[in-house]
Amino acid sequence: MKLFGIDISVWQRDINLTQAKAEGVNFTIIRGAYGNQKDTAFETLYQRAKANGLGVGVYWLTRAVNEAQASEEAQILIDNVLRGKQFEYPIYIDVEDSLLQNLGKAKVDAIITSALTTLERAGYYAGFYMNRNWYNNYCNGSSLAKRFTCWLAQWSSSEPSGFPMWQFGGETNYIRTNKIAGVTCDQDYCYVDFPSVIKNGGFNGYSKNPNPPSPTPQPTPSKKSNEEIANEVIAGMWGNGDDRYNRLTQAGYDYNAIQSIVNQKLSGKPSGAEYYVVQKGDNLTMIAKRYGTSVNQLVAWNNIKNPNLIYAGQKIRVR
């Protein structure tokens, strides 16, 4: 899938979203804040987007220079921008501020992780936004992308591979006109069905669906290899936990074979011990059963102090 969308802020406060939808826009990512200051056009743009049936996500440009400030900013965003609303697309942190340029990769990684973990704990589906230069040189982008969804800015005509969301143009646009509804704005392609993932998972203000639909997955096993399906799993296209297991097996895929490839890709370990990245809804009993081991063995391998406390994104040895 490939859906067309835009990202807007106070600079596009007068954009006609009815016309934008007529021009093919499916979703919009709206700036919620700059640091701890709410975007003055957010409420207006949110209401207009919803009134036109557009999917909505949020981004904010962080000014945080340490983990505590990042968590505080995220909480302010929750309290002043997100609470009481529903969003079909992720909540993204944008770190491309000069305040963060000289902090070093490890520090920027920590700021991103602190902010997004705060959002996740509050029930939001969180990700990070940056251009290719920042992704490669100012943080460990590829490592962060194993933990959080990434929205990559790369203004070009060549699609980057492996990214769920791509900002392909803004003032400069190599694919199409830089204007939507007569207004210059940044433009995006999304390759993941975030509305289904978010609604079925109960994120971003939605109540979790206890019986999510099981649509015929695309593509079918006859057209895609386990390697390709593993890449889709990593991109979030097959759900988490038991939902992922059920959807893959019902579609005729070998769950264990695919999960093994996923674990190898995420851990970077081609052989020997096998690792698994904990997903939302997982627990040690479920993981032990799936990998033919015991909770006690998982605890011993991973030096887990509290077997009842594991968290999404945690990498644990399972074999």
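**Close-up 1. Gln167 is buried, with a relative accessible area of 1%.** The model shown here and in the other views is predicted. Gln167 falls under the 20% cut-off, so this residue counts as buried at its 1%. Strand E8, residues 165-169, holds Gln167. Sequence neighbours within four places are left aside in the contact list. Beyond them, Gln167 touches Asp7, Tyr129 and Trp151. Its contacts also include Leu152, Ala153, Gln154 and Trp155. Asp186, Gln187 and Asp188 are in contact with Gln167 too.

**Close-up 2. The second largest pocket holds about 310 Å³ of space.** Its lining comprises 18 residues. Which of them lie nearest the centre of the pocket? They are Asp7, Ser9, Trp11, Tyr59 and Asp186. Two of these names, Asp7 and Asp186, also appear among the contacts of Gln167. Three strands each supply at least two lining residues: E1 (3-8), E2 (27-34) and E4 (55-61). By class, the lining of this pocket has nine nonpolar, four polar and five charged residues.

**Close-up 3. The largest cavity has a volume of about 50 Å³.** How many cavities of 30 Å³ or more does the count give? The count comes to one. Rolling a probe the size of a water molecule over the atoms reveals where empty space remains. Ala33, Gly35, Asn36, Gln37 and Lys38 are among the residues that line the largest cavity. Trp60, Glu73, Ile76, Leu77, Asn80 and Val81 also belong to its lining. Strand E3 (37-38) and helix H3 (67-82) each give at least two residues to this lining. Which element gives the most? Helix H3 does, with five residues. The lining of the largest cavity divides into five nonpolar, four polar and two charged residues.

**Close-up 4. Asp97 sits in a loop and is buried.** The loop runs between strand E5 (91-94) and helix H4 (105-121). Is Asp97 buried or exposed? Buried means under 20% relative accessible area, and Asp97 is therefore buried at 6%. What does the side chain of Asp97 reach at 2.9 Å? The partner is the backbone nitrogen of Leu99. Neighbours within four places in sequence are again left aside for the contacts of Asp97. Asp97 then touches Tyr34, Leu61 and Thr62. Arg63 and Trp134 are also in contact with Asp97.

Methods:
Residues numbered from 1 in each chain as written. Predicted model: local features only at pLDDT ≥ 70, side-chain atom pairs only at ≥ 80, totals over all residues. Heavy atoms only, no water. 1 Å grid on protein atoms, 1.4 Å probe; cavity = no way out; pocket = protein on both sides within 12 Å on 5 of 7 lines; lining within 4 Å. Points joined across faces, edges and corners; volume = space filled by probe spheres on them. Helix = DSSP H or I, 4+ residues; strand = E, 2+ residues; numbered from the N terminus. Nonpolar A, V, L, I, M, F, W, Y, C, P; charged D, E, K, R; others polar. Buried < 20%, exposed > 50% of the residue type's maximum accessible area, 1.4 Å probe, protein only. Polar contact = N/O pair within 3.5 Å; in protein donor to acceptor, adjacent residues only side chain to side chain. Contact = heavy atoms within 4.5 Å.
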